[in-house]
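This report describes one protein chain together with its ligand. It begins with the chain as a whole and then turns to the domains, the cores and the ligand shell.

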Amino acid sequence: MDLEIRPATEDEAEAFGRASALAFGAPFDAERFSRSQPLVDLGRTLAAFDPGAGPLHDGIVATAHSHAFEVSVPGAESHAAGVANVTVRPTHRRRGLLTALMRRQLDDTHRRGEPLACLWASEAPIYRRFGYGLATRGLRWQLERPGTSFTPGLDAGALEARLMAPADARSALADLHERTRATTPAMVKRTQGWWDRILHNAKGDTLAVVVEGAGRPEAAGLYSIAPSWASAGPANTLSANEVYAVTPQAYAAVWRYLLDVDLVGRVTTFHRPLDEPLQWLLANPRALQPALVEGLWARLVDVGAALGGRRYWAEAHLVLDVTDRFCPWNEGRWRLDAGIDGASCERAGSADPDLHLDVADLGASYMGLAVFGSLQRAGLVDEDRPGAIREADRAFAWSTAPWAVTFF
Ligand SMILES: CC(C)(COP(=O)(O)OP(=O)(O)OC[C@H]1O[C@@H](n2cnc3c(N)ncnc32)[C@H](O)[C@@H]1OP(=O)(O)O)[C@@H](O)C(=O)NCCC(=O)NCCS
């Protein structure tokens, strides 16, 4: 479909919001819309206009937006386009409008010099064709109480938890989120506007718990409790997801607090890190009952800048032969010289390749999630030089699992 695609103007902002809500099947909420506006950069929106579609939504039949994010990558930080509001009106679906939006958006992202794009997908099969790979996963776990004691000797120490209203814990949460981000790949820097949203969305009965050590917050979390009185007795459910800790002692203390609230029968989380340390702290690790959930999808918009912009656990010298059907500027061979202090990734001309792979699979391994050996066994990576897979796996690994916890 050959329609005009351009950023929405100030006057069209509400129509853009309504068009987007409609495609997601959500009612348009004026209050929510006006609260979200500070997070939307209209210059980074894209709207497709169909003059034949009538006056609804000012003729906007497809939308997309991208946030200008700073995202942590292994050992460093990168500019990234945080893709959101991707919609096509039901009357216009499967005529290539999403493809046209992705084309324009990735061209714009490339022109802006943002090496990465990332997104949460409504449906998993949509984005690989545009070069995105699944770059993070999360654990949704639940613990039934009682039975949450720590292995003897791994107690929570002497740190005490303080309870407060979420707004009063804002600076502690923001500080701890930022310190967690410094060591954890795939976390988006949260501006004041993002904290406004997160704290506003915290339900009315949400509480904050803060653990201090050496005069500074070392752990904090938000949680809420859904009451339930079963015939056998109290069975409240405590839900917590925004929990950050920067020392083992504070981590143990904040979780000991959350696991020990009286009358709670079950503790649940929504999207916690894959390497959640609780699994090693619990005397009975099987009590954690984890479910693996999909995380953030990432796309290397500029292979050279993205691979050169992170650090690597071990030294590696690899020629990668990259297939990228949607962004042909990435196609071809790249020489990656990587190490813990940094990396360079330049065009390799006709040098013999060590590995052949698709840009989507580089996206899956970029933050440290997918291992090349597994991608090879899936038939997605070919090794030309024996040992290259092992070299790549040693280098791309990181000591903290990637964790995306800001939903956009
Ligand atoms: C998902 C959505 C944006 C697709 O838009 P669209 O204009 O129909 O997509 P296109 O016509 O450009 O499709 C491009 C390709 O993607 C495929 N595709 C599109 N939506 C898909 C889906 N939900 N699942 C699997 N494949 C999908 C198409 O079949 C087509 O494949 P092809 O190239 O092999 O023919 C649209 O259906 C929509 O608005 N859905 C509801 C909101 C939503 O989920 N948005 C995504 C937010 S992350």
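Of the 408 residues in the protein chain, 42% are buried. The model is a predicted one. Its secondary structure comprises 11 helices and 21 strands. Along the principal axes, the C-alpha atoms fill a box of roughly 60 × 60 × 40 Å. The radius of gyration is 23 Å, which agrees with the value near 22 Å that a compact globule of 408 residues would have. Contacts often span long stretches of sequence: among those between residues at least 6 apart, 75% join residues at least 24 apart.

**Domains**

The domain assignment divides the protein chain as follows.

| Domain | Residues |
|---|---|
| domain 1 | 4-114 |
| domain 2 | 138-294 |
| domain 3 | 302-396 |

The C-alpha centres of domain 1 and domain 2 are 33 Å apart. Where these two domains meet, 10 residues of domain 1 are in contact with 11 residues of domain 2. On the domain 1 side, the largest share comes from strand β3 (residues 60-73), which provides 5 residues. By class, that side of domain 1 consists of 6 nonpolar, 2 polar and 2 charged residues.

**Nonpolar cores**

In soluble globular proteins, nonpolar side chains tend to be buried together. The largest nonpolar core of this model has 77 residues, and Cys118 and Ala135 touch the most other members. Strand β3 gives the most to this core, with 7 residues. Strand β3 thus appears in two settings, as it also supplies the largest share of the side of domain 1 that touches domain 2.

What surrounds Cys118, leaving aside its neighbours within four places in sequence? Cys118 is in contact with Val71, Ala80, Gly82 and Val83, and also with Leu296, Trp297 and Ala298. Apart from the largest core lies another one, of 34 residues, which includes Ala172, Ala208, Val210 and Tyr251.

**The ligand shell**

The ligand has 17 residues around it, of which Arg93, Leu97, Leu98, Thr99 and Ser122 come nearest. Two elements, β4 (76-88) and α3 (97-112), each supply at least two residues of the shell. How many residues of each class does the shell around the ligand have? There are 9 nonpolar, 4 polar and 4 charged residues.

Conventions: Residues are numbered from 1 along each chain as its sequence is written. This is a predicted model: local features need pLDDT of at least 70, side-chain atom pairs count only at pLDDT 80 or more; totals for chains, interfaces and linings use all residues. A residue is near a molecule or strand if its C-beta atom, placed from the backbone, lies within 6 Å of it. Helices (H or I, at least four residues) and strands (E, at least two) are DSSP runs, numbered from the N terminus. Ala, Val, Leu, Ile, Met, Phe, Trp, Tyr, Cys and Pro count as nonpolar, Asp, Glu, Lys and Arg as charged, and the others, Gly among them, as polar. Domain bounds come from an automatic or database domain assignment. Two residues are in contact if their C-beta atoms, placed from the backbone, lie within 7 Å. A nonpolar core is a set of buried Ala, Val, Leu, Ile, Met, Phe, Trp, Tyr and Cys residues joined through C-beta atoms within 7 Å. A residue is buried if 20 or more other C-beta atoms lie within 10 Å of its own, exposed if 12 or fewer, and partly exposed in between; C-beta atoms are placed from the backbone. The radius of gyration is taken over C-alpha atoms; the globule rule is 2.2 Å times the number of residues to the power 0.38.
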